[in-house]
Amino acid sequence: MREIISIAFLNFKQGVREKLFWGVIFFFAFFLSLCVLLGKLSPGETEKVLRNEGLSGIELSGLVLVVFSLVLSFKKEEESRFLEIYLSNFSRTNYLSGKLIGYLLICLFYLLLSGLGYMLILFLYKSFIWQVAAGFYSLFLKLSILICFSLVFCCLFSSPIISLFCSLSLYLASEAAYPALKIVSLGPNRFRLSLFKFIYYLLPNMNELDIKSLAVYGELPSLSFFFSIGLYAFVYILFLWLIARFIFLKKEY
Amino acid sequence: MVDSKIYFSKKRILGPLFFTILGACLLGFMFFGSLLLENKFSLKKEIFFYVPPLNYLKIISGSFQSFCADIFYIRGVLAITDSFQDRMAWIDWVQKNFEVATNLDPKLTQGYFFAGVVIAHGEEGIKKGIQFLEKGLKQNTKEWQIPYWIGFNYYQLQDYLKAIEYYEKASQSPGAPKFLKSIQPMYYYRAGRPDLGLIYLQGLLHSVKDPRELEWVETKLKWIENIVYLEDKLKQFKALYGHCPERIENLKEAGLLEEIPEDPFGGSYYLDKDTCRIKSKFSLSEKNLKAKSGDCNRCK
């Protein structure tokens with residue numbers, strides 16, 4: 001366990017010191033100022049637009065940060081032979097678990113920093129409602145699942161570009177799965193509907209995990225919902241970690 | 001004593017100087033070049049008025065539907081300032097943007113307001129506004145504002161009975177302001193059916209508990225009762241003499257009534273010769289009364 005924690009903190013420190021992390025923070029600060037402008041362009045709905053654009057910006061910038069940072073660090077360690085040094089001292093399972101926890105911490109830290117900036121802006125423009133804070137919980141769950149997918153792709157492919165491409169495509173596919181299913185369900189083809197249903201339930205259910213559109217209006221689901229999505233995300237992460245571990249154990253470095 | 005002169009080599013001075021001058025020249029060229037291009041070749045670019053189909057947008061946006069809705073909302077707001085030669089095409093363009101916005105996020109109520117009320121002018125425009133709001137009402141049944149705005153549009157079209165129908169609908173939605181209930185008799189009166197307004201107010205009298213509201217409803221009831229009473233006398237006059245009286249006082253002179261009732265709003269009743277109907281100079285007094293009772297936000 002100590003090994004996992006030390007690898008996790010090492011990854012966390014490395015990730016936070018990287019230029020990419022601060023680049024994303026800078027991008028988000030720029031995005032926040034754009035949100036203020038968009039809010040001013042939305043008479044009648046200024047507060048809602050400010051809250052919503054901010055949350056969406058955090059999700060998108062967080063997505064870029066975790067996926068790029070994880071894939072690039074994995075590749076860097078592989079090329080610089082750091083991976084060999086790690087693996088000669090730690091077991092493969094511990095290394096992978098530490099990496100996962102490290103990136104979950106980076107994600108949490110980013111959400112904390114961006115959340116503070118976001119809420120400050122909401123306070124300044126008198127748009128703050130406490131329910132938006134609950135939106136961060138769902139964002140963290142979504143990004144956590146994505147970190148795991150990136151980890152699986154990093155273990156599976158030796159090319160970082162393919163890993164990046166697959167991670168982002170999977171995110172897009174899981175985002176589009178629900179409306180696609182709704183459209184397919186309007187058609188007469190039962191086989192296609194069953195196939196889409198299968199894909200929809202197999203992919204991470206981003207539609208259920210997302211509460212942005214509710215939180216910005218100050219509406220929140222029940223506590224049991226929060227518990228359920230937490231459990232769902234935990235199981236999903238565990239499953240993906242098992243796959244990543246299986247691939248990583250088989251691979252030669 | 002040490003010689004304090006500092007020596008610079010030519011290479012160390014000329015190099016940066018050359019690049020600074022070159023940079024300044026290029027910057028100047030860029031600036032004036034842009035100005036020249038703008039003035040010499042002002043290209044007339046066609047603007048592409050296009051709104052993507054909703055189904056595709058729903059697929060692309062995923063859990064960012066609300067985000068996309070905001071973008072189209074802003075597009076709609078900006079489209080209001082676009083200049084079109086064809087007014088109906090402009091209304092279509094603005095409404096398309098707001099339609100996408102409100103479909104992606106039905107809670108963007110202000111979108112209905114812009115597309116259904118703000119841009120709706122002229123009979124055709126108002127009708128288009130009503131069509132848009134009707135669609136909105138189907139997907140957003142709980143917002144009192146949408147039926148209120150439809151009612152407002154019908155009011156502008158002087159279809160008072162339809163206006164009443166939608167005000168009634170609005171007044172029954174959660175969060176609806178109280179004045180929506182007591183405003184309806186006025187429209188019954190304008191629609192030429194004060195008798196219906198009387199029945200409505202009599203029903204309202206039993207459901208109101210707040211003493212201030214009760215006083216307000218009673219005043220309106222008295223006002224409309226007088227109108228119904230006077231119209232009844234007017235009918236009797238016409239039946240007796242076969243024509244419309246010249247003045248309201250003729251009813252008194254004909255012995256049909258002892259006194260002309262007082263207008264509880266402080267105005268007075270009069271006979272509109274063009275329509276041969278009893279009318280009231282209520283408008284100014286009503287505004288004052290509403291402002292006093294705190295019912296009316298716009299009156300103050």
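Helix axes are taken here as lines fitted to C-alpha atoms over the stretch in contact, with angles between N-to-C directions running from 0 to 180 degrees. In this predicted model, the axes of helix α6 (residues 131-156) of chain A and helix α11 (residues 223-250) of chain A come within 8 Å and cross at roughly 10°. Because angles under 35 degrees count as roughly parallel, α6(A) and α11(A) are therefore described as roughly parallel to each other. On the side of α6(A), the residues making the contact include Y137(A), L141(A), I145(A), C148(A), F149(A) and V152(A), while those contributed by α11(A) include F226(A), G230(A), A233(A), I237(A), W241(A) and F248(A). By residue class, this helix-helix contact comprises 20 nonpolar and three polar residues, with no charged ones.

Helix α6(A) also figures in the largest nonpolar core, to which it supplies the largest share, 16 residues. This core has 122 residues, and those with the most contacts inside it are V66(A) and I147(A). When residues up to four places away in sequence are not counted, V66(A) touches Y103(A), I106(A), C107(A), L143(A), L146(A) and I147(A).

The contact between the chains takes 22 residues from chain A and 19 residues from chain B. On the side of chain A that touches chain B, α3 (46-79), α7 (160-184), α9 (206-209) and α10 (212-215) of chain A each supply at least two residues, and α7(A) gives the most, with five residues. The residues on this side of chain A divide into 11 nonpolar, six polar and five charged, whereas the contact of α6(A) with α11(A) contains no charged residues.

Notes: Residues are numbered from 1 along each chain as its sequence is written. Chains are lettered from A and ligands numbered from 1 in the order in which they are written. This is a predicted model: local features need pLDDT of at least 70, side-chain atom pairs count only at pLDDT 80 or more; totals for chains, interfaces and linings use all residues. Helices (H or I, at least four residues) and strands (E, at least two) are DSSP runs, numbered from the N terminus. Angles under 35 degrees count as roughly parallel, over 145 as roughly antiparallel, 65 to 115 as roughly perpendicular and the rest as oblique. Two residues are in contact if their C-beta atoms, placed from the backbone, lie within 7 Å. Ala, Val, Leu, Ile, Met, Phe, Trp, Tyr, Cys and Pro count as nonpolar, Asp, Glu, Lys and Arg as charged, and the others, Gly among them, as polar. A nonpolar core is a set of buried Ala, Val, Leu, Ile, Met, Phe, Trp, Tyr and Cys residues joined through C-beta atoms within 7 Å. A residue is buried if 20 or more other C-beta atoms lie within 10 Å of its own, exposed if 12 or fewer, and partly exposed in between; C-beta atoms are placed from the backbone.
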